[in-house]
Amino acid sequence: MARALALAESARLICPPNPAVGCVIVDAQGSVLGEGHTQPVGQAHAEVMALRDAQAHGCSVHGATAYVTLEPCAHHGRTGPCCEALVAAGIGRVVASLEDPNPRVAGQGFARLRAAGVVVDVGVGAAAAREINLGFFSRMVCGRPWVRLKAASSLDGRTALPNGASQWITSEAARADGHAWRARAGAVLTGIGTVLDDDPLLNVRSAETARQPMLAIVDSRLQTPMDARLWTVPQRQVVVYGAVDDDARMQALRAHGADVVIVPNTEGKVDLAAVLLDLGRREINELHVEAGGQLNGALFRAGLVDELLLYQAPVLLGQGPGIAALGPLHALADGVTLAVHDVQRIGPDVRWLARTARTLAF
């Protein structure tokens, strides 16, 4: 199962919106007969790849055990059911980490395997398998992506100087690491303030990627400039979420190839919860937020952030904007409480990964 989990991890960048799954088939003596992981969408799943690998090496899998990190699918989607492929190949036992949260599967794969006489054991490597596919689980269970908010700050929590200068607080190593996290995401979310102030590209540049994540912009009044650099990234889908029904601006944005979605809340701003549900319908598993303090604070206040990815440089700035505009708070208990999941040195900086209460309960 450890090998199957490693295979799943290696598929993380190529398989969305499908879950990243690994499969290893072994004989009664524990010798590996075949292995594989999920391929890009529309192509073979992990189990089929492992069966093909065994066949390519001339190995019979009759009576063998398949270790797989997620329940074999039971439905006809872009590919055929993996549970039927395992049964047809003569697999005698399946050891799986987790039940698939997809309502189209949700135990049916296990049921079909057992009905065909295949022994099924579930639970080995469950925590690790779930960690690899947090975004997929979030979308299937909650209808929205896993929301990761990325920020870079000084040790005293400043994201820029009072004059707005912020390039670069953290090191080149931290920036490259941040691009690797961008590459994992199905979409990058930012706000119109960041677009107007920084004119960012918000694409993946310092990491290997098979595709550019979608760019989602929270832009209540549809102010995204037509000459912004973000339009220069080829083959990237852009979605602008607004709160006003301005036909002229909507047509101009659509002429640039953007989708425009109007989702106002009762205050005349963009309904952030509706944005996440729309992204879930667009099959976005992981959402990577790179925005300013106002949008960050709004997401935290609405309880829509799952984890904070924070890079801190060993420098004190004293004044300037912070990570998230939450206040004013009147009691310490009113702050956003997070649980530290991971801490690492990235060059001279420190990378924190901290998760919110929703994450712990999800």
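# Close-up views of helix packing and buried sites

**Figure 1. Helix α3 crosses helix α4 with a right-handed turn.** The model shown here is predicted. Two packed helices are described by the angle between their axes and the distance between the axes. Helix α4 covers residues 108-115. Its axis and that of α3 are 9 Å apart, at an angle of about 20°. Angles under 35 degrees count as roughly parallel, so α3 is roughly parallel to α4. On the α3 side, the contact is formed by Cys 83, Glu 84, Leu 86 and Val 87. On the α4 side, look for Gly 109, Arg 112 and Leu 113. Sorted by class, this contact has 4 nonpolar, 1 polar and 2 charged residues.

**Figure 2. Helix α2 packs against helix α3.** Helix α2 runs over residues 46-56, and α3 over residues 82-89. The two axes lie 9 Å apart and make an angle of about 25°. That angle makes α2 roughly parallel to α3. The crossing here is left-handed. From α2, the contact uses Glu 47, Val 48 and Leu 51. From α3, it uses Cys 82, Ala 85, Leu 86 and Ala 89. An α-helix has 3.6 residues a turn, so residues three or four places apart point the same way. The contact of α2 with α3 has 6 nonpolar residues, no polar ones and 1 charged one. Find Leu 86 of α3 in this view and in Figure 1: Leu 86 takes part in the contact with α2 and in the contact with α4.

**Figure 3. Helix α6 holds a run of buried residues.** This helix spans residues 134-142. Leu 134, Gly 135, Phe 136, Phe 137, Ser 138 and Arg 139 are buried in it. Now follow the chain past the helix. Just after α6 comes Gly 143, with a positive phi of about 80°.

**Figure 4. Val 239 sits in strand β9.** The strand covers residues 238-242. Is Val 239 buried or exposed? Val 239 has a relative accessible area of 0%, so it is buried. Setting aside neighbours within four places in sequence, its contacts include Met 214, Leu 215, Ala 216 and Ile 217. Asp 259, Val 261 and Arg 282 also touch Val 239. Pro 145 is 94 residues from Val 239 in sequence. In space, the two C-alpha atoms are 15 Å apart.

**Figure 5. Thr 170 lies in the loop between β6 and α7.** Strand β6 is residues 146-154, and helix α7 is residues 172-184. A loop residue can be buried too: Thr 170 has a relative accessible area of 9%, and buried means under 20%, so Thr 170 qualifies. What does Thr 170 touch, beyond residues up to four places away in sequence? Its partners are Ala 152, Ser 153, Arg 175, Tyr 311, Gln 312, Ala 313 and Asp 349.

**Figure 6. The whole protein has 12 helices and 14 strands.** Step back from the close-ups. The C-alpha trace spans about 70 × 45 × 35 Å along the principal axes. For 362 residues, a compact globule would have a radius of gyration near 21 Å, and the 23 Å of this protein agrees with that. Buried residues make up 49% of the 362 residues. Take the contacts between residues at least 6 apart in sequence: 70% of them join residues at least 24 apart.

Definitions and conventions:
Residues are numbered from 1 along each chain as its sequence is written. This is a predicted model: local features need pLDDT of at least 70, side-chain atom pairs count only at pLDDT 80 or more; totals for chains, interfaces and linings use all residues. Side-chain values use heavy atoms; hydrogens and water are left out. Axes are lines fitted to C-alpha atoms, for helices over the stretch in contact, and angles run from 0 to 180 degrees between N-to-C directions. Helices (H or I, at least four residues) and strands (E, at least two) are DSSP runs, numbered from the N terminus. Angles under 35 degrees count as roughly parallel, over 145 as roughly antiparallel, 65 to 115 as roughly perpendicular and the rest as oblique. A crossing is left-handed if the near helix is turned anticlockwise from the far one by less than a right angle, and right-handed if clockwise. Contact means heavy atoms within 4.5 Å. Ala, Val, Leu, Ile, Met, Phe, Trp, Tyr, Cys and Pro count as nonpolar, Asp, Glu, Lys and Arg as charged, and the others, Gly among them, as polar. The radius of gyration is taken over C-alpha atoms; the globule rule is 2.2 Å times the number of residues to the power 0.38. Buried means under 20% relative accessible area, exposed over 50%, partly exposed in between (1.4 Å probe, protein chains only).
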